[in-house]
Amino acid sequence: MIRPAKMSDDQFEEQAISHLLGELDVNGEIMFQEELARRGAPAGAMLREFREALGELALAVAPADPPPALRARVLWSIGAPVAAPDAPPAAPRTFWIWAAAAMMTAVAVGLGVWAGRLADERDELRAHVGRLEERVAAAETAAASSSLLREDLELMAAAGSTMHELHGTDPAPEAGGRVFLSAGSGRGLLIADGLPALGPDRVYALWAMEAGDARLAGVFRSDAAGRGRLEIEDLDLPAGAIFALTEEPAPGGERPTGPILLSSR
Amino acid sequence: MPSHEIQPLLLRVADGDAGAMAELYDATAVFVFGILRRMLWSTESAEEVAQEVYIQVWRTARGYDPGHGSAWSWLALLTRGRAVGRMRADGSYRDAIADLVLHEPFPGPLDPVGPPRGEVAHLERAEAVREALRALPGDQRRALELAFFGGLTQREIAYRIDTPLPTVKSRIRTALMRLRERLAPVPEQ
């Protein structure tokens, strides 16, 4: 990863705003968090003031009453003891687009039976349905990616999170990565890049190693660019443990068998 | 809805208290929904995203740290983030919204003047924020509104208003610093 020159105070404040607006990519976020930590309490206070100013900015908008049914749907969604809402809680937007699509298809079929001269219109409607389906799929993919990145950043920025730098070893000198662990929750995140291409029946495995004991933190496959991401759940990290990444036969085993490619030592 | 009143609720939500979640919803829904309607310009979309917001609150309240900021700023930025996610799912939709933000000063057509909601203290605070916004130079206010409510990145703003990126960043930073100065913290009872 290329490190920029030392940030000026103005640049750091601009980075802080980009951070609060969710504009930083993963590397930018990592660099910002490092700079924030390096600058200490005054920088934390500055960030808090910017955060509060943005929060206040939101108050400029006039309050508006939400539909009454929304409350029941929210509480039902989190498992609170309320009566099931009338409408399904998930993906209403998708539902309505599909409903519209279904209606248009039905109309198109009806026209086709009624008069052959309307067949062209029916085909056009079907094509429109296809385009709507493509837009729904693209929208859902983009929303999922955005949500994933935000969750990653929340974990990185959470209070008490620790970061473990992973360096490439001789078999993978270009590789690098970082593990972020949320204090107390056992949750964490590995971000890696520069990983060698994997065979179709191989996976990467992340281990927490301590005194000859290796605990599997999870397995993943890298993308075509050699980037990898792994969500860690319920990891009880022993004191003094290091992280190591190995390549293993899919789906991965209980003990590492391949050479270490990344290590936090 | 003073922030010091919702902070205990948010901390109870973090402990999995569904009753606190209901209280938090009751205390904040009109504000969250107002933000979403302003940003998404659609009551239907605002309703969908509001549901996502509160589910995320329930799921991630453990990550809230009072030392990093007020409960309201945490919730407001979470709400904005969800709205921006919805905007980014459809680029042309976002462009249309950015146009509206660019050309519609507060209050916009979806912010009708109606019966006041909330406590007097909140209404006064909201008016103070609007006054602080109005006091900003037009180019700073426009850049800040496009970034916060329009969901555009600073680079996209620079392209849209044909202004160098460093200038846009500087305008937004200066605007926020001026807001900070004008909106000095209100002593909480």
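Strands are taken here as DSSP runs of type E, at least two residues in length, and are numbered from the N terminus. By this assignment, A:Arg229 lies in strand S6 of chain A. The model described is a predicted one.

Strand S6 belongs to an open sheet of eight strands in chain A, arranged in the order S5-S4-S7-S8-S1-S2-S3-S6 with antiparallel pairing. Strands S5 (213-220) and S6 (228-232) of chain A occupy the edges; each has a single partner strand, so one side of each is left without a neighbour in the sheet. On average, and with direction ignored, neighbouring strands of this sheet are turned by 25 degrees against each other. Within the sheet, strand S1 (residues 162-168) and strand S2 (residues 176-181) of chain A run antiparallel and are joined by six bridges. A:His164 has A:Val179, in S2 of chain A, as its bridge partner.

On the edge strand S6, A:Arg229 has a relative accessibility of 27% and therefore counts as partly exposed, since that class lies between the limits of 20% and 50%. The side chain of A:Arg229 makes a polar contact of 2.9 Å with that of A:Glu231. The C-alpha atom of A:Arg229 is separated by 7.2 Å from that of A:Leu189, although the two residues are 40 residues apart along the chain.

Backbone geometry was also examined in the loops of both chains. In chain A, the loop between strand S7 (242-249) and strand S8 (260-263) contains A:Pro251, which is joined to A:Ala250 by a cis peptide bond with omega of about 5 degrees. A:Asp234, in the loop between S6 and S7 of chain A, has a positive phi near 50 degrees, although the residue is not glycine; at 67% relative accessibility, A:Asp234 counts as exposed. In chain B, B:Asp162 lies in the loop between helix H8 (154-160) and helix H9 (165-182). The phi of B:Asp162 is likewise positive, near 55 degrees, and B:Asp162 counts as exposed at 70% relative accessibility.

Aromatic pairs number six over all chains. One of them is the edge-to-face pair of B:Phe31 and B:Trp72, with 6.2 Å between centres and 75 degrees between the planes. This pair links distant parts of the chain, as B:Phe31 belongs to helix H2 (residues 18-40) and B:Trp72 to helix H4 (residues 71-88) of chain B, 41 residues apart. Both B:Phe31 and B:Trp72 are buried.

Arginine side chains also lie over aromatic rings. The charged end of B:Arg80 sits over the ring of B:Phe148, 5.4 Å from its centre. Between the chains, B:Arg180 lies over the face of A:Phe50, at 4.5 Å from the ring centre.

Definitions and conventions: Residues are numbered from 1 along each chain as its sequence is written. Chains are lettered from A and ligands numbered from 1 in the order in which they are written. This is a predicted model: local features need pLDDT of at least 70, side-chain atom pairs count only at pLDDT 80 or more; totals for chains, interfaces and linings use all residues. Side-chain values use heavy atoms; hydrogens and water are left out. Two strands pair if DSSP finds at least two bridges between them. Helices (H or I, at least four residues) and strands (E, at least two) are DSSP runs, numbered from the N terminus. Axes are lines fitted to C-alpha atoms, for helices over the stretch in contact, and angles run from 0 to 180 degrees between N-to-C directions. Buried means under 20% relative accessible area, exposed over 50%, partly exposed in between (1.4 Å probe, protein chains only). A polar contact is a pair of N or O atoms within 3.5 Å; within protein, one must be able to donate a hydrogen and the other to accept it, and residues adjacent in sequence count only if both atoms are side-chain atoms. Rings of Phe, Tyr and Trp (its six-membered ring) pair if their centres lie within 6.5 Å; planes under 30 degrees apart count as stacked, over 60 as edge-to-face and the rest as tilted. A charge sits over a ring if NZ of Lys or CZ of Arg is within 6 Å of the ring centre and within 35 degrees of the ring normal.
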